[in-house]
Amino acid sequence: MVKLGLVIHQSIKSLTIMIVKKISQLILFTLVVGTTYAQTNDSISNKLTNELNKIATDGSLVGFSVAIVNEEGTLYENGFGFADKKANIKYTEKTLQNIGSISKTFIGVALLKAQELGKLHLDDDINDYLPFKVVHPKFKNTPITIRQLASHTSSIKDPAEYESKGYILKEAENGTAKVNGNFLPPSEMMSLGDYLKAILSEDGQWYKKKTFSKYSPGGMFNYSNIGAGLAAYVLEQATGESFPEFTQKHIFDPLEMTSSGWSFDTIDFSMHSKLYADQDTELAFYKLVNYPDGGLITSSHDLAKYLSEIIKGYGGNGVILSAEGYKELFIPQLTDENHKDRSDKEYNDEYNMGVFMGISSKGQIGHTGGDPSVVTHMFFNEKTKVGKLLLVNTELDKESVQDFIAIWRALIAHENEF
């Protein structure tokens, strides 16, 4: 038996999904996965499909999709359950939804592409590019660098306004769909730059010294969604292009991720899944002000292309970054000195960090994600060069988290059989 830790991101981004964080701790320390599965005469693909169909039919997740890939491409992809339960619309591998903090890995790739283009360097002071100053109030002479943002050692924490001001309803009227208490009306939407300035600039309306930790920049690891958004904003200032434009040109287009985008108006919304607060309750559609940290809308079909490319890049054969750029993407930035409590569980994506790329102690590389009614995992094994991903459109509770675990177990059991 092999003990595996499944980490559902420690920095879940809404008070309404704090239960996910609590459940993740249970998974991290108690999940035991059996690796022996009965063999049948069916193909590996059929066996996996049958197992996942059973979970979808018997369990409490409304809809989900999965993929298994290697550097050659997609080995398996499929969707299960419903994208719209009332309308009886199936969730497929091409169904769209936001993917939470897996989005941050795209910031990392984009930063390294900008570095290759000579637009910035990871060790630059962020104030070389920002139109407003961001300075640690206790360490005013210590610059915050882009690399520190990308390794979550910038000393910037997520303030209360990250929750209370960061989620915006897609529509003013949402019928019977649940509206979380921190979802603001569309009229409250603001630009990424204005939002970050309000939080991080000394003259910002929400500025507080306690938004910065007691540690100096470059010191203690502290997962920061605001820091991730700031990194994307620095890229915009350095390149003169919006983050969506830059990622479209340098990531989505080269990889033919034709269905992916950072906002509802850049994707085919008819393909977007409904999100579910529970098995029977739809959650109102929302968008993120700090969208680069978790707001990418994509499908398992598109994301599988990206994961395959990342695996190629790990082996020095990627197409969207040079071999040197990919090498830097995966260089571990953290040591024990950067951590108060460092878990060595297999899928802990915070054990170490490349450039917004999570690295576990057991050679699993990737990221987890969580937002209201969204839970995601994306990892590849550095030795086998096989990766897997899982996108879920349902808020996890004590029952549905077991379904999530069962799906991940099935992927683990079969990922090396294709």
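Student: Taking exposed to mean over 50% relative accessible area, and buried under 20%, is Glu256 buried or exposed?
Tutor: In this predicted model, Glu256 counts as exposed, because its relative accessibility is 54% and the cut-off lies at 50%.

Student: Where is Glu256 found?
Tutor: Glu256 sits in the loop that runs between helix 8 and strand 9, and its phi is near 55°, which is a positive value in a residue other than glycine.

Student: And what about Asn88, what is its phi near?
Tutor: Phi of Asn88 is near 60°, again positive and again in a residue that is not glycine. Asn88 belongs to the loop between strand 4 (73–84) and strand 5 (89–90), and with a relative accessible area of 51% it is exposed, because that value is over 50%.

Student: OK, zooming out: how many helices and strands does the protein have?
Tutor: The secondary structure comes to eleven helices and 17 strands. Of the 418 residues in the protein, 60% are buried, and the accessible surface comes to about 16300 Å², with 47% of that area belonging to carbon and sulfur atoms.

Student: Of the contacts between residues at least 6 apart in sequence, what share joins residues at least 24 apart?
Tutor: That share is 70% of such contacts in the protein.

Student: Now the inside. How many residues has the largest nonpolar core, and which have the most contacts inside it?
Tutor: The largest nonpolar core has 85 residues, and Leu111, Val134 and Tyr306 are those with the most contacts inside it. Helix 7 (residues 225–239) supplies the largest share of this core, namely nine residues. Apart from this core lies another, of 24 residues, which include Val66, Ile68, Val375 and Leu390.

Student: Why would nonpolar residues gather like that?
Tutor: As a general tendency, nonpolar side chains in soluble globular proteins are likely to be buried together.

Student: Back to Leu111: where is it found?
Tutor: Leu111 is part of helix 3, and it counts as buried because its relative accessibility is 0%, under the 20% limit. Setting aside neighbours within four places in sequence, Leu111 is in contact with Leu120, Leu122, Ile146, Ala150, Ala231, Leu235 and Phe356. Leu111 and Gly325, although 214 residues apart in sequence, have C-alpha atoms 9.8 Å apart in space.

Student: Why is helix 6 (residues 192–200) described as largely enclosed?
Tutor: Seven of the nine residues of helix 6 are buried, so the rest of the structure largely encloses it. The buried ones are Leu192, Gly193, Tyr195, Leu196, Ala198, Ile199 and Leu200.

Student: What do those buried residues of helix 6 pack against?
Tutor: The buried residues of helix 6 pack against helix 5 (160–164) and against helix 7, and helix 7 is also the element giving nine residues to the largest core.

Student: Switching to pockets: what volume does the second largest pocket have?
Tutor: The volume of the second largest pocket is about 280 Å³. Its lining consists of 14 residues, and Trp262, Ser263, Phe264, Lys287 and Leu288 lie nearest the centre of the pocket.

Student: How do the lining residues of that second largest pocket divide into nonpolar, polar and charged?
Tutor: The lining of the second largest pocket holds eight nonpolar, four polar and two charged residues, and strand 11 (residues 286–288) gives the most to this lining, with three residues.

Student: Where does Lys274 lie?
Tutor: Lys274 lies in the loop between helix 8 (243–252) and strand 9 (275–278), and it counts as partly exposed because its relative accessibility of 24% falls between the 20% and 50% limits. Leaving out neighbours up to four places away, Lys274 is in contact with Ala83, Asp84, Glu282, Phe285 and Asn393. For Phe285, eleven residues from Lys274 along the chain, the C-alpha separation is 7.7 Å.

Student: Last ones: which residues does Asn78 touch, not counting those up to four places away in sequence?
Tutor: Asn78, found in strand 4, touches Thr49, Phe64, Ser65, Val66, Glu93 and Ser300 on that basis. Asn78 and Glu93 are 15 residues apart in sequence, with their C-alpha atoms 4.8 Å apart.

Student: And where is Val135 found?
Tutor: Val135 is in the loop between helix 3 (103–116) and helix 4 (146–150), and beyond four places in sequence it is in contact with Asn127, Lys140, Tyr207 and Phe212. The C-alpha atoms of Val135 and Lys209 are separated by 10.0 Å, with their positions 74 residues apart along the chain.

How values were computed:
Residues numbered from 1 in each chain as written. Predicted model: local features only at pLDDT ≥ 70, side-chain atom pairs only at ≥ 80, totals over all residues. Heavy atoms only, no water. Core = buried A, V, L, I, M, F, W, Y, C linked by side-chain atoms within 4.5 Å. Buried < 20%, exposed > 50% of the residue type's maximum accessible area, 1.4 Å probe, protein only. Helix = DSSP H or I, 4+ residues; strand = E, 2+ residues; numbered from the N terminus. Contact = heavy atoms within 4.5 Å. Areas by Shrake-Rupley, 256 points an atom, 1.4 Å probe, with all protein chains shown as cover. 1 Å grid on protein atoms, 1.4 Å probe; cavity = no way out; pocket = protein on both sides within 12 Å on 5 of 7 lines; lining within 4 Å. Points joined across faces, edges and corners; volume = space filled by probe spheres on them. Nonpolar A, V, L, I, M, F, W, Y, C, P; charged D, E, K, R; others polar.
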